[in-house]
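Biologist: I'm new to this one and would like to learn how to read it. Could you walk me through it, one feature at a time?

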Amino acid sequence: MTKSAFKLSNCYFPLELPSSQEGGTKERHSGDGKTTRASHSLRRIHIDSQVLQSGSALVEMGHTKVICQVTSPVYASSSLLPSSVQLSMDEGTLYCQVNYLSHASYPTARILNASATPLDQSHQQFSSSRINTWRLSRESDLSARLLSALQAAVPLQQYPKCCIRVQVTVLQDDGSVLPACIAAASIALTRACVELYDLVTSCQVALQNGILLADPDLDEEESADALVTLAFLPNWKEVSLLEQSGKLSPAQTNQAIDLCRDGCRTMHRFLRDHLLQKLSESKTKD
Amino acid sequence: MNNNSRLRYEIDSFVVPGDRLGSFFKTTVPGPGTSARKGHLYASTAGRLSIQQQEEQSLITVTPPHDFASRRVITVGQIVLAKVDRVSWTQAHVSIFATETGGTLQYPAEAIVRREDIGSTVPVTHTTNTNTANNKTSWQVIEAVRPGDWIVARVLSLGDTQRYMLTLAEPQLGVWYALSAKGGTVMQPKSWNTMVCPKTGVEESRKCAKPRC
C-alpha cells in the first residue's frame, strides 16, 4: 500500500514565553498561535491516520503530539513481544506501550528543577539518571492507564493465543498526553481493522484556583490543584478509566466529570469525522 | 432494499465503530462487523453498511475496506503453508507463513509437527479417495520432511505458549516444494513417498502432498 506523506501541522509555531504576570486570569492559548480559548474549550485537534504502516495514527492536541502504531495479530514467538507478555489460549491479550522520544519530547528543565536540592544542582552527572527515572516511571504509568482504557473496547475473544500490540510514541508532551494517546490508539485500531465495541475517547480537566479548565496544557497541569482524567465509550455510555489526583470537593468532582464527558463527546465528533472522511476518500479511489 | 429494516443509517453509507445501527429483532441479526448489546446493534468496524438476506433473517453487516484483523488469527482446522526450519528425532520445527483465511502473514508463527502426526494412524475418512498404499503409519521425521522444505499442513491444536501443533496425516498434506540435497534443484514428486531430482535422477524420501489436478 502506498505510504501517504504526512506532516505535523504546527511544529513550527514558537511556544509562547511563560507569562510574567502574577495572579489574575491568564489567557489560555489553543495551540495554533492565534486564538485564545475559554476554560471549557479543548485545544486545536489535528488527526491523521495511516501515517506509518497500516494501522497507525497521529494526533495533535495543541502542542501535544503522539503517534500510535497498532500491530495485530501478533503471534506467540514473535520478536515484537517482550517475554513478559503471557498469551492466553482462550482470548487475546492487549499489549500497550507508551514511549517518549528522547530529549525533545519532555520538559527537561522542569523535571530537574522540580526535584532539585541545592546539593543536586551541582552534580550534573546525576541529572540524566533523574530524567531517566522520571521518564521510565511516566512511561509505565501511561502504558498501564492506556491498557485499562482500551481493554473495555476490544473484543479479545476473537484473538485466541494472539496479542494486539499498541505502540504509542509521544513526540511532544504539552499536557493532556493520555487523552491524546487514547484517541490515537482508537483511530489506529480502527484503521488496522481490529473490531472495536466503541471508539474510546478521553479528556482531562484541571482545577486551578477554583476554576475548572478542560484540556490543560503543561503549565496548567503543573500548577493545578487537582487533575481528573476520564476515558469514555460514548455510544455504550460506559466509563473505562476515571482518575483523579489532588483534592476536590464532591461538587467539584461532579462538575469536573461532567466537563470531561462533554470533552469526550467533542473528541468523539472529531474522531468520527476523521474516520468518515478517510472512508469516503478510499472509496473514491477504488 | 431499505424498506423492511429500521436502521438509523442508510444502507451503503459509512459507519464508524460504536455507531448504534438500530434494534435487534429476530429477523434482524448482527452479521460480520457488528455486535449486539442490550437489544441494540452497534457497528464494530469502520466501513460500509449493508444487509445480507439469509433465509428469513437479514444480516446487518459492516464491511471494512481491508479484511478484518481477526481473520489472520490461526485457528484449529485450517490449512497452513509452512517452511521447515529444523528437524529432530521426535518432531519437525516449522514456521507458518500463510493461512487459509488470513493469506500471507506479516510475521511468521512457530509450530511443530510431531512424529506421530505425520503418518495416518486410522484410515482417513474425510477424503473421498482412500489410497490404501498411502497409509504408512509411522514415519521417521527425516524421511518425511527436511529443513528448507515448504509443507502444507493442517492446524491440529493451539499447542502451548510457544508454538502451534500441525499435522500431516492426510493424503493431500505434506511437502509441496523441496530442493534436492546435492544440487539444489527443485524436485518433483514421483509418488506419495518419493521425490526425484530432474537433473540427476536421484530419489529422495519425502511425504509428498497429493498434487491437485
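Modeller: Happy to. Keep in mind that this is a predicted model. Let's begin with a single residue: Ser95(B) sits in strand β9 (residues 91-99) of chain B.

Biologist: Is Ser95(B) buried or exposed?

Modeller: The idea is to look at relative accessibility, where anything under 20% is called buried. Ser95(B) comes out at 11%, so it counts as buried.

Biologist: What does the side chain of Ser95(B) make a polar contact with?

Modeller: Its partner is the side chain of Asp85(B), at 2.6 Å. Leaving aside residues up to four places away in sequence, Ser95(B) touches Leu81(B), Ala82(B), Lys83(B), Asp85(B), Pro108(B) and Ala109(B).

Biologist: Let's move to chain A. How many helices and strands are there in chain A?

Modeller: Chain A has six helices and eleven strands. Of its 286 residues, 53% count as buried. Another thing to read is how far apart in sequence the touching residues are: among contacts in chain A with a separation of 6 or more, 69% come from residues 24 or more positions apart.

Biologist: How do I check a helix? What should helix α4 of chain A span?

Modeller: You compare the distance between its ends with the span expected at 1.5 Å a residue. Helix α4 (residues 177-191) of chain A has 15 residues, so it should span 21 Å, and its end C-alpha atoms are indeed 21 Å apart. As for cover, 15 of the 15 residues of α4(A) are buried. Just after α4(A), Cys193(A) takes a positive phi of about 60°.

Biologist: Can you pick one residue from that helix?

Modeller: Take Ala184(A), which is in helix α4 of chain A. Its relative accessibility is 0%, so Ala184(A) counts as buried. Not counting residues up to four places away in sequence, Ala184(A) touches Ala57(A), Val59(A), Val66(A) and Cys68(A).

Biologist: And how does helix α3 of chain A do on the span test? How far does α3 reach?

Modeller: Helix α3 (residues 127-151) of chain A has 25 residues and reaches 36 Å from its first C-alpha to its last, close to the 36 Å expected. Several residues of α3(A) are buried, including Ile131(A), Leu142(A), Arg145(A) and Leu146(A).

Biologist: An arginine in that list! What does Arg145(A) form a salt bridge with?

Modeller: The general idea first: side chains of opposite charge can pair when their charged atoms come close. Here Arg145(A) pairs with Glu243(A), the closest N and O atoms being 2.6 Å apart. That pair links distant parts of the chain, with Arg145(A) in helix α3 and Glu243(A) in strand β11 (residues 238-246), 98 residues apart. Arg145(A) is buried, with a relative accessible area of 13%, while Glu243(A) is partly exposed at 25%.

Biologist: Where else can I look for such pairs?

Modeller: Try Lys278(A) and Asp48(A), whose side chains meet in a salt bridge at 3.9 Å, N to O. This one joins helix α6 (residues 250-285) to strand β3 (residues 45-49), 230 residues apart in chain A. Both Lys278(A) and Asp48(A) are buried.

Biologist: What about a pair within one helix?

Modeller: Residues three or four places apart in an α-helix point the same way, because there are 3.6 residues a turn. Arg261(A) and Asp258(A) both lie in helix α6 of chain A, three residues apart, about one turn of the helix. Their side chains meet in a salt bridge at 3.1 Å, N to O.

Biologist: Now the two chains together. How much area do chain B and chain A bury between them?

Modeller: The size of an interface is often given as the accessible area lost when the parts come together. Chain B and chain A bury about 3,300 Å² between them, 59% of it on carbon and sulfur atoms. In chain B, Phe14(B), Arg37(B) and Tyr107(B) lose the most area to chain A, together 19% of what that side buries.

Biologist: How many salt bridges does the rule find across the interface of chain B and chain A?

Modeller: It finds two. Arg272(A) and Asp19(B) meet in a salt bridge at 2.8 Å, N to O. On the side of chain B that touches chain A, β10(B) gives the most, with five residues.

Definitions and conventions: Residues are numbered from 1 along each chain as its sequence is written. Chains are lettered from A and ligands numbered from 1 in the order in which they are written. This is a predicted model: local features need pLDDT of at least 70, side-chain atom pairs count only at pLDDT 80 or more; totals for chains, interfaces and linings use all residues. Side-chain values use heavy atoms; hydrogens and water are left out. Helices (H or I, at least four residues) and strands (E, at least two) are DSSP runs, numbered from the N terminus. The expected span of a helix is 1.5 Å times one less than its number of residues. Buried means under 20% relative accessible area, exposed over 50%, partly exposed in between (1.4 Å probe, protein chains only). Buried area is the accessible area (1.4 Å probe) that two parts lose on being put together, summed over both. A salt bridge is a side-chain nitrogen of Lys or Arg within 4 Å of a carboxyl oxygen of Asp or Glu. Contact means heavy atoms within 4.5 Å. A polar contact is a pair of N or O atoms within 3.5 Å; within protein, one must be able to donate a hydrogen and the other to accept it, and residues adjacent in sequence count only if both atoms are side-chain atoms.
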